[in-house]
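Me: I have a structure to go through with you. Can we take its pockets, sheets and ring pairs in turn?

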Amino acid sequence: MLLYHGTNQMVSKPKLIIQNRFLDFGFGFYTTTNKAQATNFSKKVMIRRKIGKAIVNVYHLDEERALQALDVLRFDYANEKWLDFVSLNRAGEYTGRQYDCIIGPVADDDVYRTFTLYTSGLLTKEQTLAALKVKNLYDQVVFATEKSLTYLKFSGSLEEEY
């Protein structure tokens, strides 16, 4: 499986770095199978940090081997369990099991609007899930432990046009 990580620099050796905000799947090294998503994110990071270039790092994951060896949480689509998990993580309140790797839909900018309406109480869980079904949700593969990072092999990086 090919995975992409968009940022403002080459990352040949991924590390777990303490994040300054709460993300969908909690603490970890975030990747995606969607190159366009990684490209878009790399440009946002470069603009926000005002340094570096828009870089998409490419990795290979031996999915079969990794899934056998790691404790993986997988969400095949945005369902109630996914919504609860993301809600707790984004609020910084998740205290459940620590997984090595988490795979599932990403709450990108478009999805985030719907998600915000839900967390502010303006949409019910049912309304939120119904709204998410019509959206084209990208995926994310998050490596949340040092053990999981050992299965991620750097293949190179691409400088994206800005």
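Reply: Start with a term. Helices and strands here are DSSP runs, at least four residues for a helix and at least two for a strand, numbered from the N terminus. The model is a predicted one.

Me: Which element gives the largest share of the lining of the largest pocket?
Reply: The elements giving two or more residues to this lining are strand S1 (2–7), strand S2 (29–31), helix H1 (35–49) and helix H4 (109–119). Nine residues make up the largest share, and they come from H1.

Me: How much space lies in the largest pocket?
Reply: Its lining counts 41 residues. Nearest the centre lie Arg21, Leu23, Tyr30, Phe41 and Val45. The space in the largest pocket is about 1300 Å³.

Me: How many residues of that lining are charged?
Reply: Split the lining of the largest pocket by residue class. The nonpolar group has 18 residues and the polar group 13. The charged residues number ten.

Me: Which helix gives the most to the lining of the second largest pocket?
Reply: This pocket has a volume of about 300 Å³. It is lined by 19 residues, and Phe25, Gly26, Phe27, Asn89 and Tyr94 are the closest to its centre. By class, the lining holds ten nonpolar, six polar and three charged residues. The top contributor, with three residues at 80–90, is helix H3.

Me: Which strands stand at the edges of the three-strand sheet?
Reply: This open sheet is antiparallel and has the order S1-S3-S7. An edge strand has a single partner, so one of its sides is left without a neighbour in the sheet. That describes S1 and strand S7 (152–159).

Me: Which residue in S7 stands opposite Val56?
Reply: Strand S3 (residues 55–61) and S7 run antiparallel, joined by seven bridges. Opposite Val56 in S7 stands Leu158.

Me: What angle does the direction of H1 make with that of S1?
Reply: Within the sheet, neighbouring strands are turned by 25 degrees against each other on average, direction ignored. H1 packs on this sheet and touches S1, S3 and S7. Its direction and that of S1 make an angle of about 20 degrees.

Me: Which strands stand at the edges of the four-strand sheet?
Reply: This sheet is also open, with mixed pairing and the order S2-S6-S5-S4. Its neighbouring strands are turned by 15 degrees on average, direction ignored. Each edge strand has a single partner, so one side of each lacks a neighbour in the sheet. The edge strands are S2 and strand S4 (72–74).

Me: Which residue in S6 stands opposite Ile102?
Reply: Look at strand S5 (residues 101–105) and strand S6 (residues 139–143). They run antiparallel, with five bridges between them. Opposite Ile102 in S6 is Val142.

Me: How do Trp82 and Phe115 pair, stacked or edge-to-face?
Reply: The whole structure holds eight aromatic pairs. In this one, the centres are 6.5 Å apart and the planes make 75 degrees. Planes over 60 degrees apart count as edge-to-face. The pair is edge-to-face.

Me: How many residues apart in sequence are the parts that this pair ties together?
Reply: Trp82 lies in helix H3, while Phe115 lies in helix H4. The pair therefore ties together parts whose separation in sequence is 33 residues.

Methods
Residues numbered from 1 in each chain as written. Predicted model: local features only at pLDDT ≥ 70, side-chain atom pairs only at ≥ 80, totals over all residues. Heavy atoms only, no water. 1 Å grid on protein atoms, 1.4 Å probe; cavity = no way out; pocket = protein on both sides within 12 Å on 5 of 7 lines; lining within 4 Å. Points joined across faces, edges and corners; volume = space filled by probe spheres on them. Nonpolar A, V, L, I, M, F, W, Y, C, P; charged D, E, K, R; others polar. Pairing = 2+ DSSP bridges. Axes fitted to C-alpha atoms, helices over the stretch in contact; angles between N-to-C directions. Contact = heavy atoms within 4.5 Å. Phe/Tyr/Trp six-rings, centres within 6.5 Å; stacked < 30°, edge-to-face > 60°.
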